[in-house]
Amino acid sequence: MNLCPRCHIALDLIEVDGERVLMCQRCEGVMLRKLDHMMELSEEQLRQSPANETLFADHPHVDLTPVAACPVCRQPMRRYIYSTDSGVAVDACATGHGIWLDDGELAKIYDYVHGYGAAPGATRQEKVTEVLRGYGRKSN
Ligand SMILES: [Zn+2]
Ligand SMILES: [Zn+2]
């Protein structure tokens, strides 16, 4: 059984475009084997996938203080800032089981990777982007 590193309840197995993803129904965090795969999907694909719930940071009351344990091997994961300057802290398994993203972090990284922050006036799929960016911004 794969346990949520935050809630310590069993994670559900969902599928996003053929990729198996572990997701917590309580805190809506996800364990991804490969982040790159998610970044290659269109916004529409992401929104229409079972991972849709994790795009919106609507479960803010997660205690991030304890070190997260990998849902697969139970070893402590290491925290780092994705791509150094994205501002998004992610937890990664040291032995390669993947990375854990808390609720809303997938959308933040997606935004970062696709550079939406750099062009606020852009009209490209404006509405979809707006939805993806609908997460609350952290005040730190
Ligand atoms: Zn959880
Ligand atoms: Zn692991």
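Me: Why is the site of the zinc ion (ligand 2) called tetrahedral?

Reply: In this predicted model, the zinc ion (ligand 2) has 4 donor atoms, with angles of 100 to 117° among them. Four donors count as tetrahedral if all angles lie between 85 and 135 degrees. The angles fall inside that window, so the site is tetrahedral.

Me: What makes Cys70, Cys73, Cys93 and His97 the protein donors of the zinc ion (ligand 2)?

Reply: Distance. The atoms are SG of Cys70, Cys73 and Cys93, and ND1 of His97, lying 2.0 to 2.3 Å from the zinc ion. The cut-off is within 2.8 Å of the metal, so they qualify as donors. In sequence their spacing reads C-x2-C-x19-C-x3-H.

Me: Why does the pair Cys70 and His97 tie together parts that are apart in sequence?

Reply: Cys70 sits in the loop between α2 (43-48) and β4 (78-81), and His97 in the loop between β5 (89-92) and β6 (99-101), so the parts they join are 27 residues apart in sequence.

Me: How do you know whether Cys70 is buried or exposed?

Reply: Cys70 has 1% relative accessibility. Buried means under 20%, so Cys70 counts as buried.

Me: And what makes His97 partly exposed?

Reply: His97 has 27% relative accessibility. Partly exposed runs between 20% and 50%, so His97 belongs there.

Me: Why do β1 (12-16) and β4 stand at the edges?

Reply: The open sheet has 6 strands in the order β1-β2-β3-β6-β5-β4, with antiparallel pairing. β1 and β4 each have a single partner strand, so one side of each is left without a neighbour in the sheet. The twist averages 35° from one strand to the next.

Notes: Residues are numbered from 1 along each chain as its sequence is written. Chains are lettered from A and ligands numbered from 1 in the order in which they are written. This is a predicted model: local features need pLDDT of at least 70, side-chain atom pairs count only at pLDDT 80 or more; totals for chains, interfaces and linings use all residues. Side-chain values use heavy atoms; hydrogens and water are left out. Donors are N, O and S atoms within 2.8 Å of the metal (3.2 Å for Na, K and Ca); water is not among the atoms, so sites may look incomplete. Four donors count as tetrahedral if all angles lie between 85 and 135 degrees; four count as square planar and six as octahedral if opposite donors are over 155 degrees apart and all others between 65 and 115; anything else is irregular. Helices (H or I, at least four residues) and strands (E, at least two) are DSSP runs, numbered from the N terminus. Buried means under 20% relative accessible area, exposed over 50%, partly exposed in between (1.4 Å probe, protein chains only). Two strands pair if DSSP finds at least two bridges between them. Axes are lines fitted to C-alpha atoms, for helices over the stretch in contact, and angles run from 0 to 180 degrees between N-to-C directions.
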